[in-house]
There are 2 protein chains.
Amino acid sequence: MLLNKARLLTPGPTPLPEQVRLALAKDAVHHRERNFSALLLKVEEQLKVLFGTQEPVLPLASSGTGAMTAAVDSLFSPGDKVIVINAGKFGERWSLIARARGLQVVELCYEWGLAANPEDIETCLEENRDARGLLVQLSETSTGVLHPVQDIAAKLKNSGVLLVVDGISGVGICPCPMDEWGIDCLLTGSQKGLMLPPGLAFIALSARAWKVAEKTRGSFYFNLPKERASLAKGQTNFTTPVNLIQGLDAAMDLILADGLDVLYRKQWALTMLCRRGIQAMGLVPFARRNYTWGLTSVLLPDAVSGASVQADCTQKWGVTISGGQDTLKGRIVRVAHMGWIDWADVTAALYALNRSLIDNGAFCGSHDFLEQGLASYRAALAGEPGVEPDIVHN
Amino acid sequence: MLLNKARLLTPGPTPLPEQVRLALAKDAVHHRERNFSALLLKVEEQLKVLFGTQEPVLPLASSGTGAMTAAVDSLFSPGDKVIVINAGKFGERWSLIARARGLQVVELCYEWGLAANPEDIETCLEENRDARGLLVQLSETSTGVLHPVQDIAAKLKNSGVLLVVDGISGVGICPCPMDEWGIDCLLTGSQKGLMLPPGLAFIALSARAWKVAEKTRGSFYFNLPKERASLAKGQTNFTTPVNLIQGLDAAMDLILADGLDVLYRKQWALTMLCRRGIQAMGLVPFARRNYTWGLTSVLLPDAVSGASVQADCTQKWGVTISGGQDTLKGRIVRVAHMGWIDWADVTAALYALNRSLIDNGAFCGSHDFLEQGLASYRAALAGEPGVEPDIVHN
């Protein structure tokens, strides 16, 4: 306990800035009071900047999966056909939620570690002209891959198919301007890019999605048209986690003080730091390209136990990273760098991972892997050539 | 604000552990309540373990300098002769305090960066057989040097000269067992090794020092015999900073859960990390030997501005380090690694310092200075040969 500070480099929950923690520690306020309504309307305006939309961004008292359910239940009716991009654990979750709603699901599957190809989507749309929606992740957290949402949106432009984007490990981490790209539904959770504890989710619909939602009989709890009407008056349909809203206010102030450009530049630079550090260790990132900006998945050398590496990172160095899920269990580790994480935290995680790998019998790579990673961080932050993001220019 | 977390690597105030911050955030309790008395007596027992004494350790509502003043005013009377070891800013402070009390001061001066030599003290004692006390720092914070207090104590053993030790940047950082070494007065402040904010100081006297204190007319505020009598009943003479005492309880629980051995091993290992990292950068530590365990002073290359390096560390990397004092202003920087600081914080400080030096036109040294420093950290933590402390075995 004395030796190591606890450092949480997981894809949610993420560490909390002091400003947020102090806001969370405030005493309870009542969610029907006028002051609280004013606060709700203030953060709502800030969330619209983050989501890149003119439409309202609704807070839901749920996890991110709750918001995914809200999207499906609000935009589609039993029997409707939807296309699901399934390239990992969270793509699969779209299918499970859609099937639970009684939808016909057409899965466009990709090997874990790959991103969706917009050309495939074009073909799939031709084969499924009756599809009502396409469900995709902005960032597939299980593999560390960013799907080309902007390109997918371009393919869907005049199709009438609603583009529903799970931005849970992407919003506040990489750009995803909803209105500009033509996204019909964007949602996220509180415990990733937003630097808050879990317990809140956020969802926004496009104008045409709102028209559909108004005519769809959804769930009692996730009633988006009613939530929109309430929010216009600074209210929520049901009791909202008031301390999380107070924390959100602090988090959004922190983000918007520096601006989204700084936030995204930082996230990309952290990605380069982690990726180059991993590569300098002689390791192979699990995602070969289109890597997400908030998480680096690392293929472990054969015969190294992922569980043992993870345990050593925590017990010997105080660094908590995530393992692989399902078929990737034990084969990869995932170093998250989202939320209130900076270059020094990622540097610590790289060192902890390197030492834990060595302690588990693996090769250690270059002697200056930290400096190599940090040089890429600086280059990416400065916008030097050769280290540009490989996705936003799609 | 988004890019860098603020990291405070200064010799007080130091960062605070979460347990301490939560304790500090507790509501006020009254300092005459029975529960508070019980708390005061509990932390008192813990402080005795830290100080290595059977005598009481008194809390004073003051800075560390207040406790230095309390020591001088309680143990010496105007006209008394004392020897002061002056090897830096804080040795000089002993002289100022002693002269303010009207004492005759014999200074044993050393060039800044050097530690006292016990042989010199022997000679000085022979020349000043009427000396009543010897005032020294355990750690001279201005230069980063540890004085050989154990050896000095041995020289004073049968002399009747009271050994008064300012342990402000040493207690809770390196071993200084008061009773075992034969120290007559040991004192410290709250904001260094104790992981608390400033505002409290602690002082303990030996049995023979208590006899002197009982006969000395000291100050009204720093009345140690009265404080001792109060503390026996779980009280303080005047209002004590109750929230700092609550924080102290949390800090002592944290320290003693792992034990002093772990604490000191960590501090020594951090010293090796910083020192070897600095050396791998091609820089020269200002203190060539007897270096203190909570701070590394670094001689800057000529023509590099210390103020500019410090400013860059803070502004570009979020890392706050200290500069030199008096004649060392601009010539050295001081990287503190005391209190709630771990290996990853020191690693961050090394990188920030390296980049800031490069940005100020200095040479950068080895490409793997971080890994070199961290290798020494691991070796020191594991107790490997070649990286042992060079002082405790004196």
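What follows is a walk through a predicted model, from the pairing of its chains down to a few backbone details.

Start with the two chains. A turn of 180 degrees, with a shift of 0.0 Å along the axis, lays chain A on chain B with an RMSD of 0.0 Å. The two copies are thus related as by a two-fold rotation axis. Within chain A, Asp368(A) has the C-alpha nearest that axis, at 2.2 Å.

Now for the place where the chains touch. Chain A puts 23 residues into the contact, and chain B puts in 23 residues. On chain A's side, the elements giving two or more residues are α10 (242-258), α11 (260-280), α13 (343-359) and α14 (369-381). Sorted by class, this side of chain A holds 13 nonpolar, three polar and seven charged residues. Of the interface residues of chain A, 100% are interface residues in chain B as well, so the copies meet through the same surface.

Inside chain A there are two domains to keep track of. Domain 1 is made of residues 7-14 together with 259-381, while domain 2 covers 18-257. Taken over C-alpha atoms, the centres of the two domains of chain A are 27 Å apart. Their contact draws 26 residues from domain 1 of chain A and 27 residues from domain 2 of chain A. On the domain 1 side, α11 and β12 (295-299) of chain A each supply at least two residues. That side of domain 1 of chain A splits by class into twelve nonpolar, twelve polar and two charged residues.

Two helix pairs in chain A are worth a look. In one pair, α2 (residues 34-51) of chain A meets α10(A): their axes come within 10 Å and cross at roughly 45 degrees. That angle makes α2(A) oblique to α10(A), and the crossing is left-handed. From α2(A), the residues in contact are Phe36(A), Leu39(A), Leu40(A), Lys42(A), Val43(A), Gln46(A) and Val49(A). Facing them from α10(A) are Val242(A), Ile245(A), Leu248(A), Asp249(A), Met252(A) and Leu256(A). Ten nonpolar, one polar and two charged residues make up this contact of α2(A) with α10(A). Helix α10(A) also appears among the elements on the side of chain A that touches chain B.

The other pair is α12 (residues 306-317) of chain A and α13(A), with axes that come within 9 Å and cross at roughly 120 degrees. These helices, α12(A) and α13(A), are therefore oblique to each other, and their crossing is right-handed. Here Val309(A), Asp312(A), Cys313(A), Lys316(A) and Trp317(A) of α12(A) meet a set of α13(A) residues that includes Ala352(A), Leu353(A) and Arg355(A). By class, the contact of α12(A) with α13(A) has six nonpolar, one polar and four charged residues.

That leaves the backbone. Most residues other than glycine have a negative phi, and most peptide bonds are trans. From Gly12(A) to Pro13(A), though, the peptide bond is cis, with omega near -10 degrees. Pro13(A) sits in the loop between β1 (7-8) and α1 (18-24) of chain A. In chain B, the bond from Gly12(B) to Pro13(B) is cis too, with omega near -5 degrees, and Pro13(B) lies in the loop between β1 (7-8) and α1 (18-24) of chain B. Finally, Asn290(A) is a residue other than glycine with a positive phi, near 55 degrees. Asn290(A) is found in the loop between β11 (284-285) and β12 of chain A.

Note on methods: Residues are numbered from 1 along each chain as its sequence is written. Chains are lettered from A and ligands numbered from 1 in the order in which they are written. This is a predicted model: local features need pLDDT of at least 70, side-chain atom pairs count only at pLDDT 80 or more; totals for chains, interfaces and linings use all residues. Copies are superposed by least squares on the C-alpha atoms of residues with pLDDT of at least 70 in both. Two residues are in contact if their C-beta atoms, placed from the backbone, lie within 7 Å. Helices (H or I, at least four residues) and strands (E, at least two) are DSSP runs, numbered from the N terminus. Ala, Val, Leu, Ile, Met, Phe, Trp, Tyr, Cys and Pro count as nonpolar, Asp, Glu, Lys and Arg as charged, and the others, Gly among them, as polar. Axes are lines fitted to C-alpha atoms, for helices over the stretch in contact, and angles run from 0 to 180 degrees between N-to-C directions. Angles under 35 degrees count as roughly parallel, over 145 as roughly antiparallel, 65 to 115 as roughly perpendicular and the rest as oblique. A crossing is left-handed if the near helix is turned anticlockwise from the far one by less than a right angle, and right-handed if clockwise. Domain bounds come from an automatic or database domain assignment.
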